[in-house]
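Visitor: Could you take one part of this chain and walk me through it slowly, showing how it sits among its surroundings? I am new to reading structures, so please explain each step.

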Amino acid sequence: MEKHCHQCGEQMGIYLRTVVFSRQMEIENVPVYTCDECEVYQVLPSVKEHVKALLTQQEETASKHAVDLASENEIAQLLSMAADEQYEHYELNEMVEERINQLLDMLIMAKALHNEEWVKDVEDRLSQLTDHALQAPYL
Ligand SMILES: [Zn+2]
C-alpha cells in the first residue's frame, strides 16, 4: 500500500476524504493517497472500480446525492474503522481477518435462511476483501 508521489517522490499517506464528483454527487469516506508536499491525490486502486460503479449507478437513477463509501465498500469501511482511536491497537490485517470471519458467519446464516439477496451482498463484500491488493504488507 506504500506509494510515492509521481511529482515529488514523497511518500503518500492514505486519508479518507469526501469527494465531490459533480454538483449532484458526493461520496464520503473515499480512501485517497495524498501527497502532503504538493497535494497530488489519487483514489486507492482497490476501491476505484466501486467508486466508478456508484457514479454510473447515480447517473442512471439520478437518485442518491450523497453516498457513504464506508457503508458500501469493505475496504473503505475497514480504513475508516482503523482511523478511529477505538481501534488504534489493532493491526489492519487483523481487522481484515476478523471481518472475513464475520462475513463467513453471515454467509452461513444467510444461506440457511435462503435469503438470496443477503447471500449476494455478503459474497460481494467478501470478494472486495479477497480480490484486491490485500496481500500487500500494509493492508
Ligand atoms: Zn508530491
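Guide: Read along the sequence, this chain follows the pattern β-β-β-α-β-α-α-α-α, which amounts to five helices and four strands. Please keep in mind that the model is a predicted one; its average pLDDT is 83, and 90% of the residues score at least 70.

The part to look at closely is helix 1, which covers residues 45–61. Helix 1 has 17 residues and reaches 25 Å from its first C-alpha to its last, a span close to the 24 Å expected at 1.5 Å a residue. A word of care belongs here, since among the elements of the chain helix 1 has the lowest mean pLDDT, at 83, while helix 2 has the highest, at 91.

Now turn the helix in your view and ask which of its residues are buried. They are S46, V47, H50, V51, L54 and Q58, and because these residues cover an arc of only 105 degrees around the axis, they lie on the same side of helix 1. The spacing of such positions follows a general rule: an α-helix has 3.6 residues a turn, so residues three or four places apart point the same way. On the face turned away from the buried side, helix 1 carries the exposed residues P45, K52, A53, T56, E59 and E60.

What does the buried side meet? The buried residues of helix 1 pack against strand 2, strand 3 (41–43) and strand 4 (66–68), and also against helix 2 and helix 3. Some of these partners appear again in the largest nonpolar core, which has 16 residues, and in which I27, V30, V47, V51, L69, I75 and A76 are those with the most contacts. Strand 2, helix 1, helix 2 (69–72) and helix 3 (74–82) each supply at least two residues of this core, with helix 3 giving the most, namely four residues.

To see these neighbours from the other side, start at V30 and look outward: leaving aside residues up to four places away in sequence, V30 touches L16, R17, V19, V43, V51, L69 and A76. One of these, V51, is among the buried residues of helix 1 that you have just met. For the chain as a whole, residues 24 or more positions apart account for 48% of the contacts with a separation of 6 or more, and buried residues make up 22% of the 139 residues.

Strand 2, which runs over residues 25–34, also holds N29, whose phi is near 55 degrees, a positive value in a residue other than glycine. N29 counts as buried because it has 21 C-beta neighbours inside 10 Å, where 20 or more are needed. It is useful to set H114 beside it, for the phi of H114 is near 50 degrees and is likewise positive in a residue other than glycine. H114, however, lies in the loop between helix 4 (92–112) and helix 5 (116–131), and with 8 C-beta neighbours inside 10 Å it counts as exposed.

Finally, a caution about the end of the chain: over residues 135–139 the pLDDT stays under 50, and for this stretch the model has eight contacts beyond four places in sequence.

Technical notes
Residues are numbered from 1 along each chain as its sequence is written. This is a predicted model: local features need pLDDT of at least 70, side-chain atom pairs count only at pLDDT 80 or more; totals for chains, interfaces and linings use all residues. A residue is buried if 20 or more other C-beta atoms lie within 10 Å of its own, exposed if 12 or fewer, and partly exposed in between; C-beta atoms are placed from the backbone. Two residues are in contact if their C-beta atoms, placed from the backbone, lie within 7 Å. A nonpolar core is a set of buried Ala, Val, Leu, Ile, Met, Phe, Trp, Tyr and Cys residues joined through C-beta atoms within 7 Å. The expected span of a helix is 1.5 Å times one less than its number of residues. The arc is that of the directions from the helix axis to the C-beta atoms. pLDDT is the predictor's confidence in each residue, from 0 to 100.
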